[in-house]
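Welcome! Here is a short briefing to help you find your way around this structure. Take a look at it first, and then read on.

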Amino acid sequence: MQPANLESNIWKYTVLLITNKRIHAAILSAYYLTIPDVTAKILGLILMVGNIAGFALEIPSGYLSDKLGHKEALVVAKMSLVLSTLFFLFANSIPFLILGAVFFSIGLAFLSGTGTAFLHETLRALGKENEFTKISGKASSIGFAVPIVLTVLIPFLIEFSFKAPFVISLILDIIGLIVTLSLIKPKVTQEHIDEIGITNFKAVIKEGYRLGFFKYALFVALISAIVLCASYYRAPYQLILGIPVIWFGVLFGIGRAFASLLLFWSDGIKKYFNTTVSFFAFEIFLYFTLFLMLGATKSPILVALVYIVINAFQWGLGQINLGFMVDVIKDSKFKATLLSTQSQINNISFALMAAVMGYYIDLTSYQLAYLGLAVFLLITSLPIYFYIIKKHQPV
């Protein structure tokens, strides 16, 4: 016999997806600069520490999730996000911001794979396992759409206080924690969360090389890290250009709305490019051009438009990249663990790039930093791209 009201886990999972999103994301890096002694360089160091924490915790968190139990791991994740928001809300010095970033990484690490596994266990217990894609798809759509509305509205609260958005975020995080505590554990065998553990590390690496996966993983992770680095300095640069903070959420939301459209058409876009090499060439050209535009103008309107486009493609092309990566892996038994290596490369790459870019901005200017990022994109991605062409087998 399964517990009563087990089906309630489905709507609760949707609430978790909504409350997992950081609705203060549009103004977070600008908020950092309101804290004494924080500069672009310090911002980069905060981002580096947070992502190194995420890199270090990604592997053991999967193991701990399996050992603690998936519901318990989700509770740890939500408690970490509550603490993260609290540290940001009451931040009056750099250590508070660092702790906020670290607890955010802890939360993400424990969420990784755990929520999906818990939903799958619930549906298996309900006899609805074959509806997983349908149900998780609807939940993900709602979980993505609702926060966009909140993200657009939140910055208008800055008219009252720069900390007001974090009060709303804290309320949502507490709601998320309460809902997580109310989850009902299904009476089925707990699914294992795949990770790159010590016991299978050699086998995973050997499989990756056999499939030729790592050259693609390195390219995708590198591009993703570079674009993420550019995005994190969006708010401070918009502040310098005189764009009102109350518009940050609107601009951010427009970018996410276009990302939703790109995600909806992911399959058609993937078929249009047909091969990984043509799609990767498009990404190099796209982001190189956008970074050049950021480096070539100080027009607030043009800069805001470029950031919207970056935001849209950054999140809108994710499933296409994933689709091409899955094509390379095919039916490997290490599919999940191989994909996690890409996330690991992305985390450590972004951590280093964020710190370097912050230092370079302090030393020169935002414009020169974006021109430098454009050049860095070419000199790092092109060698990998040409190597992929040399070794490429159509997938």
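Accessible areas here come from the Shrake-Rupley method with a 1.4 Å probe. By that method, the accessible surface of the chain comes to about 17800 Å², and carbon and sulfur atoms account for 70% of that surface. Please keep in mind that this is a predicted model.

**The chain as a whole**
- The secondary structure consists of 18 helices and 0 strands.
- The chain has 395 residues, and 53% of them are buried.
- Of the contacts between residues at least 6 apart in sequence, 86% join residues at least 24 apart.

**Helix H14**
- Helix H14 runs over residues 276–296, which makes 21 residues.
- At 1.5 Å a residue, H14 should span 30 Å, and its end C-alpha atoms are indeed 30 Å apart, so the two values agree.
- Its buried residues include Phe279, Phe280, Tyr287, Phe291 and Leu294, and Glu283 is also among them.
- Which helices do the buried residues of H14 pack against? They pack against H10 (213–232), H11 (234–240), H13 (266–273), H15 (300–316), H16 (318–329) and H18 (366–391).

**A closer look at Ser29**
- You will find Ser29 in helix H2, which covers residues 25–32.
- Is Ser29 buried or exposed? Ser29 counts as buried because its relative accessibility is 7%, and buried means under 20%.
- A polar atom of the Ser29 side chain lies 3.2 Å from the backbone oxygen of Tyr232.
- Setting aside neighbours within four places in sequence, Ser29 is in contact with Leu43, Tyr232, Ala235 and Pro236.

How values were computed:
Residues numbered from 1 in each chain as written. Predicted model: local features only at pLDDT ≥ 70, side-chain atom pairs only at ≥ 80, totals over all residues. Heavy atoms only, no water. Helix = DSSP H or I, 4+ residues; strand = E, 2+ residues; numbered from the N terminus. Expected span 1.5 Å × (residues − 1). Buried < 20%, exposed > 50% of the residue type's maximum accessible area, 1.4 Å probe, protein only. Contact = heavy atoms within 4.5 Å. Polar contact = N/O pair within 3.5 Å; in protein donor to acceptor, adjacent residues only side chain to side chain.
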